[in-house]
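Please read the points below with the sequence and the structure open beside you. They are meant to be followed in order, one residue or region at a time.

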Amino acid sequence: TIAIALVHVVALFIGPKALAYLDAPDLAEMMERGSPVPVIATGGVIVVMLTFAAYAFAGAGVLRPLPKLSLALAVIGAIFVVRGLGVAWFSYLLIVGSPDAIPREIGFSLVSLVVGLLYLSGRRALVKAHS
């Protein structure tokens, strides 16, 4: 999740082309017009990803336990897994030759799926260690 946060930080420095590549064309257009919305929205994503990372480190015992640690790891894992299941949809669009197919979305989805499964695995280990 720290890597995901860093990708978003780098995207802000690169600018509209990076936001468009990350499948945020509306934010890219707003950034080109000088709107502060893309920076605020992307900053929000960065803060959320860093918060998720803090929970991962707390679950691993690197940081002190955070509130509702087990529940948070489950919810974070579920969020990433649900996003990761998009791999099926994006693969389908690619297979049928849809003009809406965005091949890199398959990669983004796979990363989300793996990250989500890692969070859920970490939660499972945490629960096992405390039982």
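In which helix is Val114 found? Val114 is found in helix 7, and the numbered points below start from this residue and then turn to the rest of the model, which is a predicted one.

1. Val114, a residue of helix 7, counts as partly exposed because its relative accessibility is 48%, and the class called partly exposed lies between under 20%, which is buried, and over 50%, which is exposed. From Val114 to Leu126 there are 12 residues in sequence, and the two C-alpha atoms are 18 Å apart in space.

2. Ile14 makes a useful companion to that case. This residue is found in helix 1, and it counts as exposed because its relative accessibility is 56%, where exposed means over 50%. Ile14 and Gly44 are 30 residues apart in sequence, and from C-alpha to C-alpha they are 18 Å apart in space.

3. For the overall plan, the protein has seven helices and zero strands, so that a reader who follows the chain from the N terminus meets the elements in the order α-α-α-α-α-α-α. The C-alpha trace spans about 50 × 40 × 15 Å along its principal axes. Among contacts between residues at least 6 apart in sequence, 55% join residues at least 24 apart.

4. On the question of surface and interior, buried residues make up 32% of the 131 residues in the protein. The accessible surface comes to about 8000 Å², and 72% of that surface belongs to carbon and sulfur atoms.

5. What is the volume of the largest pocket? It is about 540 Å³, and of the 19 residues that line this pocket, the closest to its centre are Ile4, His8, Leu22, Arg83 and Phe108. Helix 1 (2-14), helix 4 (37-59), helix 5 (69-84) and helix 7 (103-129) each supply at least two residues of the lining. When the lining residues of the largest pocket are sorted by type, they divide into 13 nonpolar, three polar and three charged.

6. The second largest pocket has a volume of about 170 Å³, and it is lined by Thr1, Ala56, Gly59, Ala60, Leu73, Val115, Leu118, Tyr119, Gly122 and Arg123. The elements that give two or more residues to this lining are helix 4 and helix 7, and the largest share, five residues, comes from helix 7. By type, the lining of the second largest pocket divides into six nonpolar residues, three polar and one charged.

7. Which two residues form an edge-to-face aromatic pair with 6.2 Å from centre to centre? The structure holds four aromatic pairs, and one of them is the pair of Tyr21 and Phe108, which is edge-to-face, with 6.2 Å centre to centre and 80° between the planes. Because Tyr21 lies in helix 2 and Phe108 in helix 7, this pair ties together parts that are 87 residues apart in sequence. Tyr21 is partly exposed, with a relative accessible area of 45%, and Phe108 also counts as partly exposed, at 25% relative accessibility. Phe108 has been named before, since it is among the residues closest to the centre of the largest pocket.

8. A further aromatic group deserves a look, as Phe52, Phe80 and Tyr119 form one aromatic cluster. Tyr119 also appears in the lining of the second largest pocket, so a student can find this residue again while checking point 6.

9. Two loop residues should be checked for their backbone angles. Asp23 lies in the loop between helix 2 (16-21) and helix 3 (25-32), and its phi is near 65°, a positive value in a residue other than glycine. At 35% relative accessibility, Asp23 counts as partly exposed.

10. Where does Lys68 lie? Lys68 lies in the loop between helix 4 and helix 5, and its phi is near 50°, again a positive value in a residue other than glycine. Lys68 is exposed, with a relative accessible area of 64%.

How values were computed
Residues numbered from 1 in each chain as written. Predicted model: local features only at pLDDT ≥ 70, side-chain atom pairs only at ≥ 80, totals over all residues. Heavy atoms only, no water. 1 Å grid on protein atoms, 1.4 Å probe; cavity = no way out; pocket = protein on both sides within 12 Å on 5 of 7 lines; lining within 4 Å. Points joined across faces, edges and corners; volume = space filled by probe spheres on them. Helix = DSSP H or I, 4+ residues; strand = E, 2+ residues; numbered from the N terminus. Nonpolar A, V, L, I, M, F, W, Y, C, P; charged D, E, K, R; others polar. Buried < 20%, exposed > 50% of the residue type's maximum accessible area, 1.4 Å probe, protein only. Contact = heavy atoms within 4.5 Å. Areas by Shrake-Rupley, 256 points an atom, 1.4 Å probe, with all protein chains shown as cover. Phe/Tyr/Trp six-rings, centres within 6.5 Å; stacked < 30°, edge-to-face > 60°.
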